[in-house]
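This briefing goes through selected features of one protein model, taken topic by topic. Please keep the sequence and the coordinates at hand while reading.

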Amino acid sequence: MNVPSVLMAGGRWRFFPVPLGWSSFQALHNSCCRKKSTASKKSIPDVAFCDKTTKESGKALDKLFSSEQQASILHVLNTASNNELEAFKLLRGRKSLNLVEHRKKFGPFQNLESVMNVPLFQYKTTVQICNSILCPETEVKKKKSQENRLLKKLLKPEIERERLKAVNSIVSIVFGTRRIAWAHLDRKLAVLDWQHKECCQLVKGTYTSSVYLEEISPVISKMPKADFYVLEKTGLSLQNSTLFPILLHLHIMEAMLYALLNTTFAQCGQHQVLSMNRNAVGKHFQLMLGDSRTSGKELVKQFLLDAVLKEEPRVFFPSDKIVHYRHMFSATDQYRIEELYDSLLQAVAFYELAVFDTEP
């Protein structure tokens, strides 16, 4: 019996017959079978090794904590409800559900090693969870640190958290090249005052400080007293030279408002005027389209409508003023008075992001 054999020679495949008896063919067949059998046997120790590694990790886990610490951890894992487990950041979502389901099916955990039988609980994750249960204040510190970072991006200058939490009312101020608008809201998100004033002459001429003072002073005299005055901080870039006249105007307005509204700063050194990131407000209300912010007009219109139709609207308009505000809004319906809409949205975002730490 001849079977073809293949030989690579000179870059080409060459075929030539080789005589092969039955005994040789059988030996070749047995050799292949032995290779398959050997390959199958090699996979078995791998499984055993994994089991051994898991057990060793479980034993190592028990050695990391004292008996008192293990008892405290197991008490939480065996008695806490799903909602209570989710108070720990690492146990949110599917992990807390898996723990509760495993308890119901197999009973309480007898040791820390048995916790690793729960789906999604590997050695490293389980160690982190045990540490967070023993030291919950670490989670609180991390949360506060994260909140402070977000607050620094949202508001300038830095302000003490306690002052923000205690705020009773704010005046939110938004100004552009043609007008200035403000909204006075208390901590119940009730609109106490909401106005705008045209100031078209400021960007014409030579940006004289005295003209700005003459234009802005009467506006400030109409603004109510509040714990904080919140100014919109624009995101316009200085790199675009064509926007320089507008940026100059906005910076002068901001400086004027800081100086005129921070009446007690010289005595106590505490800021009453804050600048709030415009794009952060846009993201809060999902008004961003790429890097640009779309109009908040329809959203404000919905706030006014909800104040009439809903028992607990997001924004409250006092019954004696809601008719006036609706007429004011409809009177400007044919124009784009973005400053008016944005002053209200900025006030709502200030309370929800900086004071209450809640999302709508």
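What follows covers a pocket, a surface patch and a histidine in a helix. The model is predicted, and the statements below should be read with that in mind.

**The largest pocket**
- The largest pocket holds about 760 Å³ of space, and of the 29 residues that line this pocket, Glu232, Thr234, Leu236, Leu250 and Arg278 are the closest to its centre.
- Two or more lining residues come from each of the strands β4 (169-175), β7 (228-233) and β10 (292-293), and likewise from each of the helices α10 (244-261), α12 (278-284) and α15 (338-355).
- Among the contributors to this lining, α10 gives the most, with 5 residues.
- Sorted by class, the lining of the largest pocket comprises 12 charged, 10 polar and 7 nonpolar residues.

**A nonpolar surface patch**
- Leu305, Val308 and Leu309 together make up a nonpolar patch on the surface, and their combined accessible area is about 280 Å².
- Leucine 309, one of the residues of this patch, lies in helix α13, which spans residues 297-309.
- Leucine 309 counts as exposed because its relative accessibility is 63%, and the cut-off for that class is over 50%.

**Histidine 102 in helix α4**
- Histidine 102 sits in helix α4, which covers residues 94-106.
- With a relative accessibility of 13%, histidine 102 counts as buried, since that class takes in residues under 20%.
- Between histidine 102 and asparagine 117 the C-alpha to C-alpha distance is 8.7 Å, with a separation of 15 residues in sequence.

Terms used. Residues are numbered from 1 along each chain as its sequence is written. This is a predicted model: local features need pLDDT of at least 70, side-chain atom pairs count only at pLDDT 80 or more; totals for chains, interfaces and linings use all residues. Side-chain values use heavy atoms; hydrogens and water are left out. Patches are made of residues with over 30% relative accessible area and no salt bridge: like charges are joined within 9 Å, nonpolar side chains (Val, Leu, Ile, Met, Phe, Trp, Tyr) within 5 Å. Accessible areas come from the Shrake-Rupley method with a 1.4 Å probe; for residues, only the protein chains shown count as cover. A salt bridge is a side-chain nitrogen of Lys or Arg within 4 Å of a carboxyl oxygen of Asp or Glu. Helices (H or I, at least four residues) and strands (E, at least two) are DSSP runs, numbered from the N terminus. Buried means under 20% relative accessible area, exposed over 50%, partly exposed in between (1.4 Å probe, protein chains only). On a 1 Å grid over the protein atoms alone, a cavity is a set of points where a 1.4 Å probe fits but cannot get out, and a pocket is an open set with protein on both sides within 12 Å along at least five of seven lines; lining residues have an atom within 4 Å of a point. Grid points are joined across faces, edges and corners, and a volume is the space filled by probe spheres set on the points. Ala, Val, Leu, Ile, Met, Phe, Trp, Tyr, Cys and Pro count as nonpolar, Asp, Glu, Lys and Arg as charged, and the others, Gly among them, as polar.
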